[in-house]
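Reader: I would like to go through the terms used for this structure and see what each one rests on. Please set the values against the cut-offs.

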Amino acid sequence: MLSQVEGSRAVADAVAACRPGVVCAYPITPQTHIVEAIGAKVKSGQLPDCEFINVESEFAAMSVAIGASATGVRAYTATASQGLLFMIEAVYNAAGLGLPIVMTLANRAIGAPINIWNDHSDAMAVRDAGWIQLFASTNQEAADLHVQAFRLAEELSLPVMVCMDGFVLTHAVEEIDVPTQAEVDAFLPPYKPRQVLDPAEPVSIGAMVGPEAFEEVRYLLHARALQALDLVPEIGREFAAAFGRTGAGLVQPYRTDDAEIIVVAMGSVLGTIAEVVDELRLQGMSVGSLGITTFRPFPAAAVRDALQGARSAVVVEKALSIGFGGVLATDVAMALTAHPVPVTTVVAGLGGRPITEASLERMLVEAEAGTLAPLTFLDLDRSLVDAELARMSANRRSGPVAENVLRRLMRTN
Amino acid sequence: MFQVRFHGRGGQGVVTAAELLSVAAFLDGRHAQAFPSFGSERTGAPVVAFCRISDSTIRTRAPIDAPDAVVVGDVTLINRVDLLAGLSPEAYLLINSSRGIAEVNMDEVPRRALTMPASELARTHLGRPLPSAALLGGLAALTGEVSLDAVESAVRQRFSGTVAEGNAAAAGAGYELVATLVREVGFGAVTG
């Protein structure tokens, strides 16, 4: 039913409709509203046969999810930022063991400096952990992706992370067609585990594997993850048929067919980019955009198909590989090795810096003119950076960078 | 697209006001998007929240930099926070104050600025000085972007019992009051 609700609330309702057996979570901004709402449903009896476990840390949250999943229970948790880092050992284990846990990642920057705002640094930090990573561009997608995530996870016996932009999506109130219990029940069958800790048929899970077979076991994980490239669109088509709206996919092309410049991005910024694409099209620029929904496994063929006719690809990403540049851009460039299309990296929106239509338009005008630097930092305050660089070269004991920058910013404002 | 920025202090219901406006617009059959300014909010600290209203799907996620209306829930923010940032000459400014617009000591008063005693209306109808519902009623009268019916329904969806009825009554009183003011000042949507 269409209603005007907070993104977090819609995700909580969608997850609850998936009838998880165990929800274990530790609160961290900006995912707190989601687990808070699920906890309230458990307490009030709206979510029967579900145990909500208040764990003592994120490491415990993922560890409990692993235990629950291994005993054949549908398990869910949510986290963000430093919370994800704190559970990272267990995050790798969940994937390595092949346990179909679903986790919401309310994307947020990673410190230092301390920052609670949105970017994709947290998701990138676990990019190689073996989880399937889906990125929602709207709250409708965020709610819907969770329902599809359980199907995907359980069919592949792999964990799925649904990434949604912290605050920008989690705290936005907008119209969302929240999946109903009846719809979800018809779409998502009860969990049938591939492996289960069962006293009646004892097995052990989590063997030590030496050099004789480690590569093979990891290869099998990789091969299984790649199956998602077929399965995501398949489940997405079934979802569309059942729910009457677009389901999950690998990529989302927008006005790319004849586009000379294609902007590639993930998450909620795609909405802003679509506005910019329409505006620049009116001004005569041949531009389109390509949203990446499935980031891991990376849909190289779909990206290549969408970009190979373009004159250039501009990857706008809310992440920075320190000492190199783009993360998504690197994957995009690899996908294009056989059809060389120049790839420009635009790092934008770090730590919650707003990505405005005006800045995107200016950047794309430069891209069309061929003057955009191969690695561009959108709206970087060059004078602030230069002043600190000068200070550092003038003084051996120049002091803490973040404090110096903030002090200068306060003086100039 | 009609864009509103709400200013207030933590604990006064600023974020709730933006959310309620979006629900009211939704109930009127329009598209709306409400979001807070994201930060580590503390009780009493300046808070900003936003709402977009449109007849078509809202895709942008950028912050609102050129609002069509600014609602100020706390008069102590005047000249301390840049309340007029990005405000066009045609934009509305609605301030919660029992004094007139000339008496709130703004350095610069935009043309379409009004004050309304929202906290007093709330105290009368709700028993607590939480001005959001009264301000939303006033905003409905001033801009015509949402109906009073929808504001009242949004309030009743969000709250229950006497709190819902008190807020709905405050919204109605705010609407009536601003509708009267609008006839006097010669700007605003509700003129009939």
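Reader: Which residues of H3(A) are buried?

Author: This is a predicted model, in which local features need pLDDT of at least 70 and side-chain atom pairs count only at pLDDT 80 or more, while totals for chains, interfaces and linings use all residues. Residues are numbered from 1 along each chain as its sequence is written, and chains are lettered from A and ligands numbered from 1 in the order in which they are written. The buried residues of H3(A) are A:Glu58, A:Ala61, A:Met62, A:Val64, A:Ala65, A:Ile66, A:Ala68, A:Ser69 and A:Ala70. Buried stands for 20 or more other C-beta atoms within 10 Å of the residue's own, exposed for 12 or fewer, and partly exposed for what lies in between, with C-beta atoms placed from the backbone.

Reader: What covers the buried residues of H3(A)?

Author: The cover includes S2, S3, S4, helix H4 (81-86) and helix H5 (88-97) of chain A. Helices (H or I, at least four residues) and strands (E, at least two) are DSSP runs, numbered from the N terminus.

Reader: How do you know that the span of H3(A) is close to the one expected?

Author: The expected span is 1.5 Å times one less than the number of residues. H3(A), residues 58-70, has 13 residues and reaches 18 Å from first C-alpha to last, against an expected 18 Å. Just after this helix, A:Gly72 has a positive phi of about 90°.

Reader: What span does H2(A) reach, and which of its residues are buried?

Author: H2(A), residues 32-44, also has 13 residues and reaches 18 Å, close to the expected 18 Å. Its buried residues include A:His33, A:Ile34, A:Val35 and A:Ile38. Among the elements covering them are strand S1 (2-6) and helix H1 (7-17) of chain A. A:Gly45, just after H2(A), takes a positive phi of about 85°.

Reader: Why is H1(A) called oblique to H2(A)?

Author: Their axes come within 8 Å and cross at roughly 45°. Angles under 35 degrees count as roughly parallel, over 145 as roughly antiparallel, 65 to 115 as roughly perpendicular and the rest as oblique. The crossing therefore makes H1(A) oblique to H2(A). Among the residues making the contact (C-beta atoms, placed from the backbone, within 7 Å) are A:Val11 and A:Val15 of H1(A), and A:Ile34 and A:Ile38 of H2(A). By class, the contact has seven nonpolar, two polar and two charged residues. Ala, Val, Leu, Ile, Met, Phe, Trp, Tyr, Cys and Pro count as nonpolar, Asp, Glu, Lys and Arg as charged, and the others, Gly among them, as polar.

Reader: What makes A:Ile292 buried?

Author: A:Ile292 has 27 other C-beta atoms within 10 Å, and therefore counts as buried. This residue is found in strand S11 (residues 287-292) of chain A. Not counting residues up to four places away in sequence, A:Ile292 touches A:Phe135, A:Val251, A:Val264, A:Met266 and A:Leu328.

Reader: Why does B:Val47 count as buried?

Author: B:Val47 has 25 C-beta neighbours inside 10 Å, so the residue is buried. B:Val47 lies in strand S3 (residues 46-54) of chain B.

Reader: How many residues of chain B are in contact with chain A, and which element supplies the largest share?

Author: 18 residues of chain B are in contact with 21 residues of chain A. The largest share of the chain B side, six residues, comes from S2(B). That side has nine nonpolar, five polar and four charged residues.

Terms used: Two residues are in contact if their C-beta atoms, placed from the backbone, lie within 7 Å. Axes are lines fitted to C-alpha atoms, for helices over the stretch in contact, and angles run from 0 to 180 degrees between N-to-C directions.
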